[in-house]
Amino acid sequence: MSNLETALSAVRGRAELGALHRGIEKESLRVTPSGALARTRHPPELGSALTHPHITMDFSEAQLELITGVHPSADAALAELADVHRFVYANVDEELLWASSMPCILGPDEDIPIARFGSSNAGRSKTVYRLGLSHRYGRLMQTISGIHYNFSLPEALWPALAAAQGETADQEFVTRAYFGLIRNFRRYSWLLIYLFGASPAVCRSFLRGATGGLLQFDEGTMYLPHATSLRMGRLGYQSEAQSSLHISYNSLAQYAATMREALTTPYPDYESVGVKVGTAYRQLSTTLLQIENEFYGSIRPKRRTVSGERPLEALHGRGVEYVEVRCVDLNPFLSLGIDADACRFLDVFLLLCLLNDSPPDSRPESEDMVANQLAVVERGREPGLELKRQGRRVALADWARELLAQCDQVAGEIDAVCSGGEHAASVELQRRKAEEQELTPSARILNALRHQRIPFFRFAMNQSAAHRGFFEERPLSPPRYAEFIAMSDQSIADQALMEDADRMPFDEYLEEFLQLEVP
């Protein structure tokens, strides 16, 4: 019996397999009816971006981040996300939510407004962090949007998994298991980029006159013929400063040590930017990473924080609570950017990553992972493409077939406690994409551009308008709309309370906040 089969047998028949925990965070740019980045402030009807539980901003004032709670089913998470969309569309006048991960009509950097979160110390620190990102990487890169998928196991599953390994289901065991999940995710995540990548082309305007190594598709569009997710490659969240950084996921202690070094070691280029010019802040610090979130990983270990607590301190003190997957593109064919089939496959895939053997990582293996990701980003649909696994070349098609067969086993166990066979069906949909690359979102986008004879901008505009129409035809019920109004009002009141309660000068607050209490 394989170790995967042993792990599956430990949870076989457990009802909690049908109630895995997931939540969704979806970023989208607000754009005008002509497709230009909105210059309006965050609409006050949407409440306070600092304190609202479901509606905030990412980097830009025009970049919404829509957040669900934690749900025991994909359908429930998507239903809540749909309600948030309905409320947003009812309160952004004629603006659209851009349907693609990659933006189009953007002016110079100074025309991309940085998100403002009010005058509280917590709000100011969020804005200063974003100012730092703009100085370090430019504002253009920060306007790229995606979907973050948060995943965790129900508490009742941990004792069964621990018992199968002769261990106790304490927080230390849970944390080790999540780090094992993360290591395997990094090994296998190229498959998600192939299956769900939806940014094979970009507007020429995004490149600001350069080619970025891309080819010309038409007058307004640049692309690569076999690309899957340019968002996850050289054009996206990449950092030369971070390229030499090897974050170890072999244990919480090693992860914390390598992150702490990046958070406390000054970086010469950022020292030249300076923290303040006169009284105006330019960034939080001159270290390689201002805060933990600046590290551009495809997955993160997470623990909810309390006010004033750093993410790394929360992890160090209370262990991993869930993982955040960050490599999923917005699918412009879907009104929410993601659907239940994708969610169910992500659940299966992440459970596989947790249950499979997960040997320690190393710097050479991490380099192979980065190379595999870039190969799939730029050439994922190229016939015969090979990746590196354990120092050897392996055909992407063969490795995908092997992983999907294991996903079938996991899906079968989940479906055994859920009627309908929906998880197995989601795996079968992905298997068809692996066998017929024309079914992938990236191929479908390029085919749509060809058949409709339109540039990427027009395609994304058409999809954005169609999504708005979809939600306008299905508005919130009056009672549900009233609930969202109440949430917005409460969030504004909560922000005002925070601002009134602040007594510490911002300089002192920031100095205290940046003191990292992790050995």
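**A walk through the cysteines, rings and a pocket**

Cysteine 418 is buried, with a relative accessible area of 19%, so this residue falls under the 20% that marks the limit for burial. Keep in mind as you look around that this is a predicted model. The sulfur of cysteine 418 has no bonding partner, because the closest cysteine sulfur, in cysteine 343, is 14 Å away and that is too far for a bond.

Which cysteines do form a disulfide? Cysteine 104 and cysteine 203 do, with their sulfur atoms 2.0 Å apart. That is the one disulfide the structure holds. Have a look at where the two ends sit: cysteine 104 is in the loop between β4 (96–97) and α3 (121–137), while cysteine 203 belongs to strand β6 (residues 201–203), so the bond ties together parts that are 99 residues apart in sequence. Turn the view to the S-S bond and you'll find 65° about it, which makes the link right-handed. Both cysteine 104 and cysteine 203 are buried. Cysteine 327, on the other hand, is in no disulfide, and the nearest cysteine sulfur, that of cysteine 353, is 10 Å away. Cysteine 327 is buried too, at a relative accessible area of 3%.

Now for the aromatic rings. The count comes to 21 aromatic pairs. Take tyrosine 89 and phenylalanine 471, a stacked pair with 5.6 Å from centre to centre and 20° between the planes. Tyrosine 89 sits in helix α2 (residues 74–89) and phenylalanine 471 in helix α16, so this pair links parts of the chain that are 382 residues apart. Both tyrosine 89 and phenylalanine 471 are buried.

A tilted pair is made by tryptophan 190 and tryptophan 399, at 5.1 Å centre to centre and with 50° between their planes. This pair also links distant parts of the chain: tryptophan 190 is in helix α7 (residues 190–196), tryptophan 399 is in helix α13, and 209 residues separate them in sequence. Are these two tryptophans buried or exposed? Tryptophan 190 is buried, with a relative accessible area of 2%, and tryptophan 399 counts as buried at 5%.

Rings can also gather in groups. Phe185, Tyr188, Phe196, Phe345 and Phe349 form one aromatic cluster. Elsewhere, charged side chains sit over rings. The charged end of arginine 444 lies over the ring of phenylalanine 333, 4.0 Å from its centre. Lysine 126 is placed over the face of phenylalanine 117, at 5.7 Å from the ring centre.

Tyr188 from that cluster turns up again in the second largest pocket, where Tyr188 is among the lining residues nearest the centre, along with Arg187, Glu365, Arg389 and Gln390. Rolling a probe the size of a water molecule over the atoms is what shows where empty space is left. Here the space amounts to about 460 Å³, and 21 residues line it. Which elements supply at least two residues each to this lining? They are α1 (3–11), α6 (171–188), α12 (363–379), β13 (386–389) and α13 (396–416). The largest share, five residues, comes from α12. By chemistry, the lining of the second largest pocket divides into seven nonpolar, seven polar and seven charged residues.

Glutamine 390, one of the residues nearest the centre of that pocket, deserves a second look for its backbone. Glutamine 390 has a positive phi of about 55° although it is not a glycine. Its place is in the loop between β13 and β14 (392–395), and glutamine 390 is exposed, with a relative accessible area of 77%. Arginine 453 also has a positive phi, near 55°, in a residue other than glycine. You'll find arginine 453 in the loop between α15 (441–452) and α16 (456–472), where this arginine counts as exposed at 77% relative accessibility.

One last stop is strand β13, which holds lysine 388. Lysine 388 is partly exposed, with a relative accessible area of 29%. From its C-alpha atom to that of arginine 458, 70 residues apart along the chain, the separation is 38 Å.

Definitions and conventions
Residues numbered from 1 in each chain as written. Predicted model: local features only at pLDDT ≥ 70, side-chain atom pairs only at ≥ 80, totals over all residues. Heavy atoms only, no water. 1 Å grid on protein atoms, 1.4 Å probe; cavity = no way out; pocket = protein on both sides within 12 Å on 5 of 7 lines; lining within 4 Å. Points joined across faces, edges and corners; volume = space filled by probe spheres on them. Helix = DSSP H or I, 4+ residues; strand = E, 2+ residues; numbered from the N terminus. Nonpolar A, V, L, I, M, F, W, Y, C, P; charged D, E, K, R; others polar. Disulfide = S-S within 2.5 Å. Buried < 20%, exposed > 50% of the residue type's maximum accessible area, 1.4 Å probe, protein only. Phe/Tyr/Trp six-rings, centres within 6.5 Å; stacked < 30°, edge-to-face > 60°. Lys NZ or Arg CZ within 6 Å of the ring centre and 35° of its normal.
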